[in-house]
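Subject: Structure handover

Hi,

Here is the structure I promised to pass on. Have a look through it first, and then read on for what I found.

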Amino acid sequence: MSSRRTAGIAVLAVTAASAVLPPLLGAADLPTAQHHLAHAALIGGAVIAGVLFANPSRDTRAGHYGWLLLTTLAPIAAMFLMWPSEYAWFETHPAGHVVEHLGLLGLSFVTGYAGQRYAAGIGWASGLSLFGM
């Protein structure tokens, strides 16, 4: 196993634990601004893991338009997971909040991974865009 893949697994494991444990353990409610920063950290960790897992130089399908489509649509789907009117429901349903976090994690991973599979650097660019949103 490559050192990139090992680092990707480590980053993904820490990010996944950060996504699941606080809502399930009843961590103190954060103010909205801090909660958005927590989401940004989850997004950042998952994007980094996705980029570390991808290796465009060895991929015979690098540059395939499907990867570009995924890295374009995944951030849009991630934004729908953070629809403001759903916050009240997530505050009273910790399991739903965990699912939201896991959705953000998965879509962020796909954003970084698919972008890098399309072409080197695209995963970082699309991931930074998602992080900024």
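When I say two residues are in contact, I mean that they have heavy atoms within 4.5 Å. One more thing before you dig in: this is a predicted model.

Let me start with L130, in helix α6, which covers residues 122–132. With a relative accessible area of 0%, L130 is buried, because buried here means under 20%. Setting aside neighbours within four places in sequence, L130 is in contact with I43, P75, A78, M79, S108 and T111. A78 is a nice one to click on: L130 and A78 are 52 residues apart in sequence, yet their C-alpha atoms are 8.2 Å apart in space.

L130 also belongs to the largest nonpolar core, a set of seven residues in which it is joined by I43, V47, V51, A78, M82 and L104. Helix α2 gives the largest share of this core, three residues. There is a second, separate core of five residues, and A49, F53, L105 and F109 are among them. As a general backdrop, nonpolar side chains tend to be buried together in soluble globular proteins.

Now to S108, one of the contacts of L130. S108 sits in helix α5, residues 94–118, and its relative accessibility of 0% makes it buried. What does the side chain of S108 have within reach of its polar atom? The backbone oxygen of L104 is 2.6 Å from a polar atom of that side chain. Not counting residues up to four places away in sequence, S108 touches I43, A46, V47 and L130. Of these, I43, V47 and L130 are listed in the largest nonpolar core, as is L104.

Helix α2, residues 32–53, holds two histidines I would like to show you, beginning with H39. Is H39 buried or exposed? H39 is buried, since its relative accessibility is 1%. Beyond its neighbours within four places in sequence, H39 is in contact with M82, H97, E100, H101 and L104. M82 and L104 both appear in the largest nonpolar core. The other histidine, H36, also lies in helix α2, but H36 is partly exposed, at 35% relative accessible area. From C-alpha to C-alpha, H36 and P94 are 17 Å apart in space, with their positions 58 residues apart in sequence.

Back in helix α5 you will find L102. L102 counts as partly exposed because its relative accessible area is 38%. L102 and H35 are 67 residues apart in sequence, and the distance from C-alpha to C-alpha is 15 Å.

Two items from the outside to finish. A nonpolar patch on the surface is formed by L69, L73, I76, F80 and W83, which together have about 530 Å² of accessible area. One of its residues, L69, is placed in helix α3, residues 65–81. Then there is M1, in the segment before α1 (3–24). M1 is exposed, at 76% relative accessibility. Leaving out neighbours within four places in sequence, M1 is in contact with T6 and I9.

If you open just one view, I would centre it on L130 and S108, which touch each other.

Best wishes

Note on methods. Residues numbered from 1 in each chain as written. Predicted model: local features only at pLDDT ≥ 70, side-chain atom pairs only at ≥ 80, totals over all residues. Heavy atoms only, no water. Helix = DSSP H or I, 4+ residues; strand = E, 2+ residues; numbered from the N terminus. Buried < 20%, exposed > 50% of the residue type's maximum accessible area, 1.4 Å probe, protein only. Polar contact = N/O pair within 3.5 Å; in protein donor to acceptor, adjacent residues only side chain to side chain. Core = buried A, V, L, I, M, F, W, Y, C linked by side-chain atoms within 4.5 Å. Patch = residues over 30% accessible without salt bridge, like charges linked within 9 Å, V, L, I, M, F, W, Y side chains within 5 Å. Areas by Shrake-Rupley, 256 points an atom, 1.4 Å probe, with all protein chains shown as cover. Salt bridge = Lys/Arg side-chain N within 4 Å of Asp/Glu carboxyl O.
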